[in-house]
Amino acid sequence: MGLRERRFGVLTGDGIGPEIVPVAIAIADAAAGLESIEIDWQELPFGSSAIASHGDPVPAQTLSALDELGFWIVGPHDSAAYPPGHGDRTPGATIRTRYELFANLRPARGFTGVPALRPDIDVLIVRENTEGFYADRNMAAGSGEFMPTPDVALAVGLITRAASERIARVACAAAIERAGTDRQPRLTIVHKANVLRMTTGLFRDACRDVAAEFPEVEVSEQHVDAMAALLVRRPADFDVLVTENLFGDVLSDLAGELAGSLGIAGSVNSSESRVMAQATHGAAPDIAGRGIANPVAMIVSVAMGFRRYGLMTDDAALVAAGARIDAAVADTLAHTATRDLGGGAGTAEFGDAVVRRIAEA
Ligand code: ATP
């Protein structure tokens with residue numbers, strides 16, 4: 001059977017991006033090849049190297065190329081290290097906003113062989129990705145963060161019913177999908193409506209209203225601070241968590257670390273028609289350039305992205321390629337560990353082991 005071509009984008013990014021992204025691509029190619037898919041990866045300027053070459057971390061040519069694409073991989077960006085003048089918005093915000101990538105799906109679960117503070121954690125954090133308390137993306141022009149004087153700083157939070165309902169629908173669908181046929185879907189709405197009454201109160205109410213359309217979903221609610229404590233104390237009580245942007249970011253780092261390491265925490269950002277694979281972690285400048293970063297988060301983000309984009313585009317082979325990647329990563333983690341997991345494998349060495357595993361399967 002001949003190979004079928006799909007064109008996807010690559011935005012390598014900063015810090016450990018140039019180490020983990022090529023590893024994830026090699027693995028994606030190996031898995032896709034076994035499903036008779038040949039991927040034409042379109043490498044696009046992004047991050048600090050794009051500032052050097054194009055004067056912009058997200059140049060216009062990158063955006064016009066992404067306009068034509070449905071799936072891409074993005075490495076981490078280290079926008080805190082960019083020279084002044086590059087940004088009211090982080091590159092992530094620019095891309096998420098332009099393509100309405102409103103749903104950030106961040107699973108956290110343990111792997112056999114990976115020591116974890118809470119090996120019993122198995123949750124999916126569904127994070128609203130276009131508004132909330134991430135003020136940089138809340139304005140049509142300018143930023144929702146501003147300083148009237150050098151000693152006074154303000155930030156504008158934004159919650160809308162439409163965006164809250166939209167993310168609640170994704171969360172309910174995810175709870176139903178994860179439950180399968182053998183258990184009841186569970187959803188926890190995470191808010192802080194005892195203090196942020198109007199904003200997170202609206203988020204909570206919109207989620208409640210949508211969840212009422214899914215009577216099979218068992219719905220509970222938690223304040224975000226209590227949620228943080230409960231994720232540590234009894235994570236097995238929770239399955240899908242839906243929350244606003246900033247709460248979701250913080251909780252997903254916590255959940256990832258409880259499951260073993262931020263280095264294994266994958267995630268996708270999605271609209272109705274586009275998927276962007278992006279690890280939960282950041283650019284990790286403290287370990288960049290040393291070949292020791294854990295590539296698993298990037299790899300499993302691609303696997304998740306293949307599944308989600310494959311389902312969106314009716315491409316069963318792409319879904320199957322994602323499953324091949326997941327299985328090979330789980331097998332590899334059972335006996336090979338990078339430094340963050342207490343082992344000695346380097347980034348490339350781990351990636352090679354996954355590619356071998358895919359070929360053997
Ligand atoms: P951002 O705000 O961009 O998400 P951050 O401030 O949350 O970034 P990270 O860059 O995610 O910070 O790094 C947090 C810690 O986790 C650092 O000590 C970093 O070295 C570690 N870390 C992050 N990613 C990895 C990885 N893939 N492998 C190993 N360690 C990692």
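**Exercise 1. Classify Asp225 as buried or exposed, or as something in between, and place Asp225 in the structure.**

Solution. Step 1: Asp225 has a relative accessible area of 44%. Step 2: the cut-offs are under 20% for buried and over 50% for exposed, with partly exposed in between (1.4 Å probe, protein chains only). Asp225 is therefore partly exposed. Step 3: Asp225 belongs to helix α7; helices (H or I, at least four residues) and strands (E, at least two) are DSSP runs, numbered from the N terminus. Step 4: from Asp225 to Arg307 there are 82 residues in sequence and 32 Å in space, C-alpha to C-alpha.

This is a predicted model, in which local features need pLDDT of at least 70 and side-chain atom pairs count only at pLDDT 80 or more, while totals for chains, interfaces and linings use all residues. Residues are numbered from 1 along each chain as its sequence is written, and side-chain values use heavy atoms, with hydrogens and water left out.

**Exercise 2. Determine which residues Leu231 touches, not counting residues up to four places away in sequence.**

Solution. Step 1: Leu231 is located in helix α7, which spans residues 224–233. Step 2: its relative accessibility is 0%, so Leu231 counts as buried. Step 3: with contact meaning heavy atoms within 4.5 Å, Leu231 touches Arg118, Ile121, Val123, Leu241, Leu251, Leu254, Ala255 and Leu258. Step 4: for one of these residues, Ala255, the C-alpha atom is 7.0 Å from that of Leu231, although 24 residues separate the two along the chain.

**Exercise 3. Describe how helices α5 and α6 cross.**

Solution. Step 1: the axes are lines fitted to C-alpha atoms, for helices over the stretch in contact, and angles run from 0 to 180 degrees between N-to-C directions. Step 2: the axes of α5 (residues 161–179) and α6 (residues 199–211) come within 8 Å, crossing at roughly 45°. Step 3: angles under 35 degrees count as roughly parallel, over 145 as roughly antiparallel, 65 to 115 as roughly perpendicular and the rest as oblique; α5 and α6 are therefore oblique to each other. Step 4: the crossing is right-handed, a term used if the near helix is turned clockwise from the far one by less than a right angle, anticlockwise being left-handed. Step 5: the contact includes Ile167, Ala168 and Cys172 of α5 and Leu202, Phe203 and Val210 of α6. Step 6: by class, this contact of α5 with α6 has 9 nonpolar, 1 polar and 4 charged residues. Here Ala, Val, Leu, Ile, Met, Phe, Trp, Tyr, Cys and Pro count as nonpolar, Asp, Glu, Lys and Arg as charged, and the others, Gly among them, as polar.

**Exercise 4. Describe the crossing of α1 with α10.**

Solution. Step 1: the axes of α1 (residues 17–34) and α10 (residues 316–333) come within 8 Å and cross at roughly 125°. Step 2: α1 and α10 are therefore oblique to each other. Step 3: α1 passes α10 in a right-handed crossing. Step 4: Ile27, Ala28, Ala31, Ala32 and Leu34 of α1 meet Ala321, Arg324 and Ile325 of α10. Step 5: these divide into 7 nonpolar, no polar and 1 charged.

**Exercise 5. State where Glu100 is found and what the sign of its phi is.**

Solution. Step 1: Glu100 is found in the loop between α4 (91–98) and β4 (103–109). Step 2: its phi is near 50°, a positive value in a residue other than glycine. Step 3: Glu100 is partly exposed, with a relative accessible area of 39%.
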